[in-house]
Amino acid sequence: MATSFQPSIQSRQHPLIQRLASLIQATWSEMLQLSPYPAPSDLGYIEGRLEDEALFIENFCYQTPQFRKLHLELAKVGNHLDILHCVMFPYPQYALPMFGTDIVCGRGTISAAIVDLSPMDPDRRLPVGYRHQLSTLAKLTFQDVRALPNWGDIFSDYCLFVKPAHPDEETAFLQRVGDYLHIHCQQATASLPETSAAAIQEIEAQQRYYCAQQQKNDKTRRVLEKAFGPEWTERYMSTMLFDCVGGIA
């Protein structure tokens, strides 16, 4: 399926976010069979106010034979905060990790950039095919490696969480996201669905745990609650951002 991405926020965001959004969009279109995802109509494009500044959120959601939901969120608050958030949710019939990446930019400076392939395995081990391909990637060195949050037990040993110190590190991060995304799409399209009910139930349980842990991100919740209130924020976080509970049959 040919897919056209026409975000209105992306062109006004930090250059690294623009480059990463374009990379994600291009990789999805080239490597996966995209079709529309039935997201709530009122949560596609959102406008609000945060401390007297305009807040814009734009969501792009798709599905494929292997992924029940591909989600790319772009957000902008005035001229001082730009955010990119992306998660790929596999169907529980596929024993695939959860790809996720985020960039937070405050006042023109990237304060956080993270990418991971989070295992949906009780022992937090990625499938063999992933481990083999990831082990061949060149080692990267960043000046400022950030500590994972206290709810971050969902992340793998390959999680990269940094504060890029200069443009070369920004480019290195972008390239590593591209590596992970390419490996993930390649592994996903070659994978076969599980036939064991017990295996599918275990994947469901791990996906629910991943979503529950991600919803503990207090920074995201506080920003949204300031702009839209607690009730709207809870619906957005559980319906759009991490909707495993409602999205898995």
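In this predicted model, the charged end of Arg-12 sits over the ring of Phe-56, at a distance of 5.4 Å from the centre of that ring.

Rings also meet other rings here, and a search of the whole structure finds 3 aromatic pairs. One of them joins Trp-151 and Phe-155, whose ring centres are 6.0 Å apart and whose planes make an angle of 50°, an arrangement described as tilted. Both of these residues, Trp-151 and Phe-155, are buried. Another pair is formed by Trp-232 and Tyr-236, and this pair counts as stacked because the planes of the two rings are at 10°, with the centres 4.9 Å apart. The table sets out the values for these two pairs.

| Aromatic pair | Centre to centre | Angle between planes | Arrangement |
|---|---|---|---|
| Trp-151 and Phe-155 | 6.0 Å | 50° | tilted |
| Trp-232 and Tyr-236 | 4.9 Å | 10° | stacked |

Trp-232 and Tyr-236 both belong to helix 6, which covers residues 230-241, and they are 4 residues apart, about one turn of the helix. Together with Phe-228, Trp-232 and Tyr-236 make up one aromatic cluster. Tyr-236 has a relative accessible area of 0% and is therefore buried, whereas Trp-232, with a relative accessible area of 21%, is partly exposed, because buried means under 20%.

In soluble globular proteins, nonpolar side chains tend to be buried together. The largest nonpolar core of this model has 44 residues, and those with the most contacts inside it are Trp-28, Leu-72, Leu-84, Met-88, Phe-99, Ile-103 and Phe-173. Helix 3, which runs over residues 167-190, gives the most to this core, contributing 9 residues. A second core, separate from the largest one, has 31 residues, and among them are Leu-43, Ile-114, Tyr-236 and Met-237.

Leu-72 can serve as an example from the largest core. Leaving aside residues up to four places away in sequence, Leu-72 touches Ala-21, Ile-24, Gln-25, Trp-28, Glu-58, Asn-59, Phe-60, Leu-84, His-85 and Cys-86.

A last residue to consider is Gln-215, which is found in the loop between helix 4 (197-214) and helix 5 (218-228). Although it lies in a loop, Gln-215 has a relative accessible area of 16% and is therefore buried. Its contacts, again not counting residues up to four places away in sequence, are Arg-221, Glu-234, Met-237, Ser-238 and Phe-242, and one of these, Met-237, is also included in the second core.

Technical notes: Residues are numbered from 1 along each chain as its sequence is written. This is a predicted model: local features need pLDDT of at least 70, side-chain atom pairs count only at pLDDT 80 or more; totals for chains, interfaces and linings use all residues. Side-chain values use heavy atoms; hydrogens and water are left out. Helices (H or I, at least four residues) and strands (E, at least two) are DSSP runs, numbered from the N terminus. Buried means under 20% relative accessible area, exposed over 50%, partly exposed in between (1.4 Å probe, protein chains only). Contact means heavy atoms within 4.5 Å. Rings of Phe, Tyr and Trp (its six-membered ring) pair if their centres lie within 6.5 Å; planes under 30 degrees apart count as stacked, over 60 as edge-to-face and the rest as tilted. A charge sits over a ring if NZ of Lys or CZ of Arg is within 6 Å of the ring centre and within 35 degrees of the ring normal. A nonpolar core is a set of buried Ala, Val, Leu, Ile, Met, Phe, Trp, Tyr and Cys residues joined through side-chain atoms within 4.5 Å.
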